[in-house]
Amino acid sequence: MSTAMNFSSKSFTPRPPDKGAFPLDHFGECSAFKERFMECLRHSGYESAACRQSAMAYLECRMDRRVGPGPPARPGCGTARQLMANEPLEKLGFKDLINEKSEEKPGK
């Protein structure tokens, strides 16, 4: 009985996610990227590190796509908003993959 009283004395204060919420992809604009990522996870035994290229491509798709009518992402930016706010890929943990891409370009 006394343990039940201890739990009730603690209060939980919810807080929003650090990056905020983003709209669902209702029109499936990035579903091909999501499916490639999910397929990679299944083939790798759900080892997410093996699927970082697919994850990066999915996030890039979300940042590039716009959602239909609705409030603008920022005042004066029109009527469309993004599926995900633009964020440097380095801040999302893909700095090493970006460096690999830039090393490949000069050789072409």
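Two residues are in contact when heavy atoms of theirs lie within 4.5 Å. The exercises below concern a predicted model, and each is followed by a worked solution.

**Exercise 1. Determine the overall fold pattern and how far the confidence values support a detailed reading.**

Step one is to list the secondary structure, which comes to four helices and two strands, and to read these elements along the sequence, where they follow the pattern α-α-α-β-β-α. Step two is to consult the confidence: the mean pLDDT of the protein is 77, with 63% of its residues reaching 70 or more. Step three is to locate the extremes, since helix H1 (residues 2-9) has the lowest confidence, at a mean of 56, while H2 has the highest, at 96. Step four concerns residues 71-79, over which pLDDT stays under 50, although the model has twelve contacts beyond four places in sequence for them. Where pLDDT is low, the predicted coordinates should not be read in detail.

**Exercise 2. Identify the largest nonpolar core and the elements that contribute to it.**

Begin with the membership: twelve residues make up this core, namely Phe37, Cys40, Leu41, Cys51, Ala55, Met56, Leu59, Met63, Met84, Leu89, Phe94 and Leu97. Next, assign them to elements, whereupon helix H2 (31-43) and helix H3 (52-64) emerge as the elements that give two or more residues to the core. Of these contributions the largest share, four residues, comes from H3. Finally, place the core against the whole chain, in which 19% of the 108 residues count as buried.

**Exercise 3. Describe helix H3 and the contacts that leucine 97 makes with residues distant in sequence.**

First take the geometry of H3, whose 13 residues reach 18 Å from the first C-alpha to the last, close to the 18 Å expected at 1.5 Å a residue. Then take its buried residues, which are Ser54, Ala55, Met56, Leu59, Cys61, Arg62 and Met63. Turning to leucine 97, and leaving aside its neighbours within four places in sequence, one finds contacts with Arg52, Gln53 and Met56. For the chain as a whole, among contacts between residues at least 6 apart in sequence, 50% join residues at least 24 apart.

**Exercise 4. Is tyrosine 46 buried or exposed, and what is notable about its backbone?**

Tyrosine 46 is found in the loop between H2 and H3. Its phi is positive, at about 60°, although the residue is not a glycine. Because the relative accessible area of tyrosine 46 is 56%, this residue is exposed.

**Exercise 5. Classify proline 23 by accessibility and find its spatial relation to leucine 83.**

Proline 23 lies in the loop between H1 and H2. Its relative accessibility is 22%, so proline 23 counts as partly exposed. The C-alpha atoms of proline 23 and leucine 83 are separated by 5.5 Å, although the two residues are 60 residues apart along the chain.

**Exercise 6. Examine the rings for aromatic pairs and for a charge lying over a face.**

With ring centres required to lie within 6.5 Å, the count comes to zero aromatic pairs. Arginine 36, however, lies over the face of phenylalanine 33, at 4.9 Å from the ring centre.

How values were computed. Residues numbered from 1 in each chain as written. Predicted model: local features only at pLDDT ≥ 70, side-chain atom pairs only at ≥ 80, totals over all residues. Heavy atoms only, no water. Phe/Tyr/Trp six-rings, centres within 6.5 Å; stacked < 30°, edge-to-face > 60°. Lys NZ or Arg CZ within 6 Å of the ring centre and 35° of its normal. Core = buried A, V, L, I, M, F, W, Y, C linked by side-chain atoms within 4.5 Å. Buried < 20%, exposed > 50% of the residue type's maximum accessible area, 1.4 Å probe, protein only. Expected span 1.5 Å × (residues − 1). pLDDT = per-residue confidence, 0-100.
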